[in-house]
Every structure is written in C-alpha cells, then in structure tokens.
Amino acid sequence: MSPHVLVLGGTTEARELAASLAARPGVRVTSSLAGRVSRPGALDGDVRVGGFGGPEGLAQWLRAEQVDIVVDATHPFATGITENAARAAAVTGVPAVVLRRPGWTPAPGDRWHPAASLAEAAALLPPLGRRVFLTTGRLGLAAFAREPELHYLVRSVEPPEPPMPRHTEVLLSRGPFTVESETALLREHRIDVLVTKDSGGSATSAKLTAARALGLPVVVVHRPPLPQGVRAEPDVASVLARLGFGAG
C-alpha cells in the first residue's frame with residue numbers, strides 16, 4: 001500500500017518537502033494549511049485548509065485518511081499545532097517528525113536583546129528607541145499597545161489583527177527581502193529598534209544584517225520549546241532520511 005504522509009505546512013520547508021514526496025512514485029502526500037493566509041501558493045499533492053478540531057479531531061482524521069506519517073513543518077512559533085500533532089500521534093501510534101529550520105545566531109556587531117515573549121519584548125523597547133520596526137507577524141500586537149508614545153512600523157503578509165498600538169503604520173509585504181531594500185526601509189522610516197521572532201532561515205534574515213550595519217538594537221523573541229520528547233530535524237533532507245525515503 002502507498003504510504004500516506006500528512007505535512008502540517010505553511011513554511012517554505014513544508015512546500016519543499018511536499019514537492020519532494022509527491023515526486024516519489026507510490027507516495028501520497030497531503031499538505032494541511034491553517035488558513036491564515038488568504039492566497040497560499042500552489043502545493044504538490046493534496047491540500048486541505050483549516051483546523052482539525054484539536055488533537056482529538058486530528059487523531060480522527062489520521063485514522064479516517066489512513067495516514068502513515070505526520071510531519072510537522074509549521075512555523076517555529078505555532079505551538080498549538082505542534083502540541084496537538086504530538087498528542088494525536090501518541091494516541092494513534094502514527095510516527096511523527098518535526099521539521100524546524102535552525103534559529104538565527106548573533107554575529108559580531110549585533111546588538112541583540114533576548115525576550116521570552118511578545119510582552120517581554122514590548123517591555124524592553126522604551127530605553128531602546130521611539131520608532132520601532134515590528135516584524136513579529138499579524139497576531140499579538142496588543143502586547144505593544146501599553147507604550148502609547150512609541151511609533152510602530154508593522155510588516156505582515158496579511159493585515160494585522162486588532163487591537164494594535166495607537167501609532168501604527170502597516171506594511172503588507174512578503175519575503176524574501178534583500179539587505180539593500182531592508183537598509184533603505186530602516187532609513188526611510190527612521191527606525192530606532194527592530195523587533196523580530198527567531199524564525200530562522202534566509203527569507204527574512206536580511207533585516208538583521210541591515211540592522212547590524214546601521215548599529216540598531218534588535219529585540220529577538222526566542223522560540224518556545226518543543227513538547228517533551230519531541231526532536232526536530234533541521235532541513236528537508238534530514239526529514240527524508242529519517243523517514244527512509246533518502247534524498248533522491
């Protein structure tokens with residue numbers, strides 16, 4: 001029987017994995033998207049959009065669709081999905097693998113300020129500057145509303161979800177970005193401090209290089225930990241090898 005792989009996706013790596021699996025004869029791949037992006041790009045294999053209804057709903061879906069393997073290739077900060085996938089896999093006995101690109105590491109000249117949450121990031125801002133480039137996504141912006149004197153440039157793929165800080169300018173854009181364009185953006189908006197989640201990868205890392213060149217402080221929100229006992233693979237090739245598909 002052909003193996004059925006469920007890829008919990010939305011990331012670049014999830015798309016790459018789905019394409020690689022779909023190209024293998026006899027492998028069925030289904031990519032599941034949460035539906036937070038209104039116009040997702042084309043994906044290889046089958047696609048479903050929307051939640052499962054918690055770990056119980058996901059477990060039911062795994063059984064009904066006869067899924068043989070689950071790969072959680074969601075965003076590093078999508079903790080709810082990751083926890084639900086781990087619980088559903090444990091209940092059903094379906095093997096589960098987590099794909100997470102490595103996080104960023106500071107380079108010489110970086111002025112990084114670590115934060116454990118968006119609220120902690122917001123609390124660090126007042127001494128660092130008044131004009132903030134906020135690149136933490138469209139959710140959770142209410143955490144930054146408690147400092148009404150700060151001005152925010154918020155960049156997001158989709159329109160941010162309110163409530164938002166009083167002085168907010170929204171920039172709808174999708175990476176990858178270049179160092180040149182990020183440097184120009186920081187200068188144009190007279191940014192004093194950058195706030196970002198540690199998403200990792202190269203698509204949005206140019207802002208870190210630009211901030212370093214301009215001597216700007218960067219507040220970096222650390223990734224939440226994986227569920228206990230869950231081990232992550234750093235790239236598509238590692239996942240394929242772990243699943244026994246090889247890299248070909």
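Here is a friendly round of questions and answers about the predicted model shown above.

User: Before we start, what are the ground rules for the numbering and for this model?

Analyst: Residues are numbered from 1 along each chain as its sequence is written, and side-chain values use heavy atoms, with hydrogens and water left out. The model is predicted: local features need pLDDT of at least 70, side-chain atom pairs count only at pLDDT 80 or more, and totals for chains, interfaces and linings use all residues.

User: Great. In the sheet that contains S1, which strands stand at the edges?

Analyst: Strands here are DSSP runs of E with at least two residues, helices are runs of H or I with at least four, and both are numbered from the N terminus. Two strands pair if DSSP finds at least two bridges between them. Six strands form this open, parallel sheet in the order S3-S2-S1-S4-S5-S12. Each edge strand has a single partner, so one side of each is left without a neighbour in the sheet, and these strands are S3 (46–49) and S12.

User: How many residues of S1 are buried?

Analyst: Buried means under 20% relative accessible area, exposed over 50%, and partly exposed in between, with a 1.4 Å probe and protein chains only. In a regular strand the side chains alternate between the two faces of the sheet. On one side of S1, His4, Leu6 and Leu8 are buried, and on the other Val5 and Val7 are too. The count for S1 is therefore five of five.

User: Which residue of S2 is the bridge partner of Leu6?

Analyst: S1 and S2 pair in the parallel sense over five bridges. Within S2, Leu6 has as its bridge partner Thr30.

User: Is Val29 buried or exposed, and what is its relative accessible area?

Analyst: Val29 lies in strand S2. Taking contact as heavy atoms within 4.5 Å, Val29 touches Val5, Val7, Ala18, Leu21, Ala22, Asp44, Gly45 and Asp46, not counting residues up to four places away in sequence. Val29 is buried, with a relative accessible area of 3%.

User: Which helix packs on this sheet by touching S4, S5 and S12?

Analyst: Helix H2 (residues 54–64) touches S1, S2, S3 and S4, and its direction makes about 150° with that of S1; axes are lines fitted to C-alpha atoms, for helices over the stretch in contact, and angles run from 0 to 180 degrees between N-to-C directions. The helix touching S4, S5 and S12, at about 165° to the direction of S5, is H7 (residues 236–243).

User: With which side chain does the side chain of Glu233 make a polar contact?

Analyst: Glu233 sits in strand S12 (residues 232–233) and, at 10% relative accessibility, counts as buried. A polar contact is a pair of N or O atoms within 3.5 Å; within protein, one must be able to donate a hydrogen and the other to accept it, and residues adjacent in sequence count only if both atoms are side-chain atoms. At 2.9 Å, the partner of Glu233 is Arg231.

User: Now the other sheet: what is the average twist from one strand to the next?

Analyst: Six strands form this open, parallel sheet in the order S6-S11-S10-S7-S8-S9. The edge strands, each pairing on one side only, are S6 (111–115) and S9 (168–172). From one strand to the next, the twist averages 20°.

User: How wide an arc do the buried residues of H5 cover?

Analyst: These residues are Glu182, Thr183, Leu185 and Leu186. They cover an arc, taken from the directions from the helix axis to the C-beta atoms, that puts them on the same side of H5, and it spans only 160°. They pack against S7, S8, S9 and H6, while the face turned away carries the exposed residues Glu180, Arg187 and Glu188. So the arc asked for is 160°.

User: Which element gives the largest share of the largest nonpolar core?

Analyst: A nonpolar core is a set of buried Ala, Val, Leu, Ile, Met, Phe, Trp, Tyr and Cys residues joined through side-chain atoms within 4.5 Å. Of the 18 residues in the largest one, Leu125, Phe144, Tyr152 and Val195 touch the most other members. Elements giving two or more residues are H4 (118–124), S7, S8, S10 and S11. The largest share, three residues, comes from H4.
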